[in-house]
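Trainee: I've got a new structure to look at. Can you walk me through the ligand site?

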Amino acid sequence: MKKVQHYINGQFVDSQCGEFFDNYNPATNELISKVALGREYEVNAAVEAARKALTGEWGQMKLNDRIALMYEIANEMDKRFDDFLEAETLDTGKPYSIARHIDIPRGAANFKVFADTMKSVADEAYRMDTPDGKTAMNYSMRQPKGVISVISPWNLPLLLMTWKVGPALACGNTVIVKPSQVTPTTTSLLGEVMSKVGIPDGVYNVVQGKGSITGNLITAHKDIDAITFTGETVTGEKIMKECSVGVRDVSLELGGKNPAIIFEDCDMDKAITETTRSAFANSGQVCLGTERVYVQRPIFDKFVKRLKESAQNLKLGVQNDESSDMGPLVSAAHRDKVLSYYETAVAEGANVVLGGGTPTMTGNLKDGYWVEPTIWTGLSEDATVVKEEVFGPCCHVQPFDTEEEVIKMANNSPYGLASTVFTENLDKAHRVAGQIDSGIVWINSWFLRDLRTPFGGMKGSGIGREGGHHSLEFYTELKNVCIKM
Ligand code: NAD
């Protein structure tokens, strides 16, 4: 049986206690690996290695050499593209067709883009008059924050983990990564890449384990200077509380309940194509995905009919079937959670336009964690599946009459991560974008990402922005130097 180990101080190791937990293929429920469970010993060892590396070869390294290494990491990831593809799709169940175009290339791009950011970052300078008639010059400089822990989720494991490890290393920090317990493998593979390209020991560490055990030990460790977390809002709240002890910095990318607003003057083909993607891509397990669709009344029936036809055409299938559009959910626990939302929707009076249960799968797929793409109408804005993040392949479609009304509906959520607006009227697009409480607004598109732009959520969707030079706010300490002339 394949083992997934920790990567600490440049070495792949089992847990000192010898404990492992099981990792399953979501498409078949077959055991694929045994994963080492990190406890106090491993967390302490990783923190010690990471702290030591800050003052060693890594800490002394010239910026240009560090940037060159970031490029080498990305190039080595490209060379091992197929290994990453295989590992990521087995852990998550997602089809090659998604991982090949999104997860794996973005994993490598995250190192290049932050290497480029570091090359072009400018410092501020202010000349001032002093009280005794002389002059002084102030300039700002950035230094690494120190030992940073990256705690990442399972939906886009490599992409979201490197989105944090890339800037952390480009800025000269050292990291301790704890991936989700259900998607451990690509984090470990990245250890092989780090080793191959000569990243000094202790700079990139991985402690595998469960959130309730390993995650807790990491967040409670006072020698970790800052934590960057992507995951559920309730977990983010706990982590933020932990970080208050020792006044340690925290960056939170959390849940969403994202609205799509479809105006009657939209290009219907575009709206259907993009909403099919935003509601069902990655089986709805995308933080930026749409779960609330608001459609202007004159085109409501037509839109619902067309969205149903489009979602019906999605082919559920196994990872390496290149024609698969949708895989299973990531775990049995998550499948059960999503199905319980499907039941609640019906109990609260939903009209099930499509799906609502589990599909019939055959052969070794019948034990996988499959659910049907699902569309509801007819619920009130207070219904559970209209309020809470389901994180499955589903959406509720609601009619609206006026621009003012739909903005209120869109903003009536504890979350504020992303939204989409479909209209061919440019004035309206700008006007609505300006009034929606979400960190990202896409007009006539979805998931179009320029990695230099600020990424993050409002309200319960998070704190802080990452991306391009915005990431420097979290991954560096800014210091002012004042020189009296
Ligand atoms: P999760 O919060 O359950 O777990 C995320 C990570 O935190 C995992 O590594 C987990 O082991 C760890 N963890 C859990 N409890 C912990 C604790 N008490 N202390 C420390 N670590 C702990 O989230 P998930 O189910 O893996 O991911 C899905 C969620 O992530 C959804 O809510 C989704 O919206 C959100 N998400 C947000 C973004 C974003 O950019 N805003 C991106 C992707 C996913």
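Mentor: Sure. An oxygen atom of the ligand is 2.7 Å from a polar backbone atom of Ser152. Keep in mind that this is a predicted model.

Trainee: How much of the ligand does the protein bury?

Mentor: The protein buries 92% of the 850 Å² that the ligand exposes when taken alone.

Trainee: Back to contacts. What does Thr235 do with the ligand?

Mentor: Thr235 uses its side chain. An N or O atom there is 2.7 Å from an oxygen atom of the ligand.

Trainee: And which ligand atom is 2.7 Å from Leu254?

Mentor: A nitrogen atom. Its partner in Leu254 is a polar backbone atom.

Trainee: Which residues come nearest overall?

Mentor: There are 29 residues around the ligand. Ser152, Gln181, Thr235, Leu254 and Glu389 come nearest.

Trainee: What classes make up that shell?

Mentor: It has 13 polar, 12 nonpolar and four charged residues.

Trainee: Which helix gives the most to the shell?

Mentor: H9, with four residues. Helix H9 spans 211–220. Strand S11 (226–230) and helix H10 (233–244) also supply at least two residues each.

Trainee: New topic. Which pocket does the ligand take?

Mentor: The largest one.

Trainee: Why does the ligand lie between the domains?

Mentor: Because both give residues to its shell: domain 1 (3–254 + 461–484) and domain 2 (258–450).

Technical notes:
Residues are numbered from 1 along each chain as its sequence is written. This is a predicted model: local features need pLDDT of at least 70, side-chain atom pairs count only at pLDDT 80 or more; totals for chains, interfaces and linings use all residues. Side-chain values use heavy atoms; hydrogens and water are left out. A residue is near a molecule or strand if one of its heavy atoms lies within 4 Å of it. A polar contact is a pair of N or O atoms within 3.5 Å; within protein, one must be able to donate a hydrogen and the other to accept it, and residues adjacent in sequence count only if both atoms are side-chain atoms. Accessible areas come from the Shrake-Rupley method with a 1.4 Å probe; for residues, only the protein chains shown count as cover. On a 1 Å grid over the protein atoms alone, a cavity is a set of points where a 1.4 Å probe fits but cannot get out, and a pocket is an open set with protein on both sides within 12 Å along at least five of seven lines; lining residues have an atom within 4 Å of a point. A molecule sits in a cavity or pocket if more than half of its atoms lie within 2 Å of its grid points. Ala, Val, Leu, Ile, Met, Phe, Trp, Tyr, Cys and Pro count as nonpolar, Asp, Glu, Lys and Arg as charged, and the others, Gly among them, as polar. Domain bounds come from an automatic or database domain assignment.
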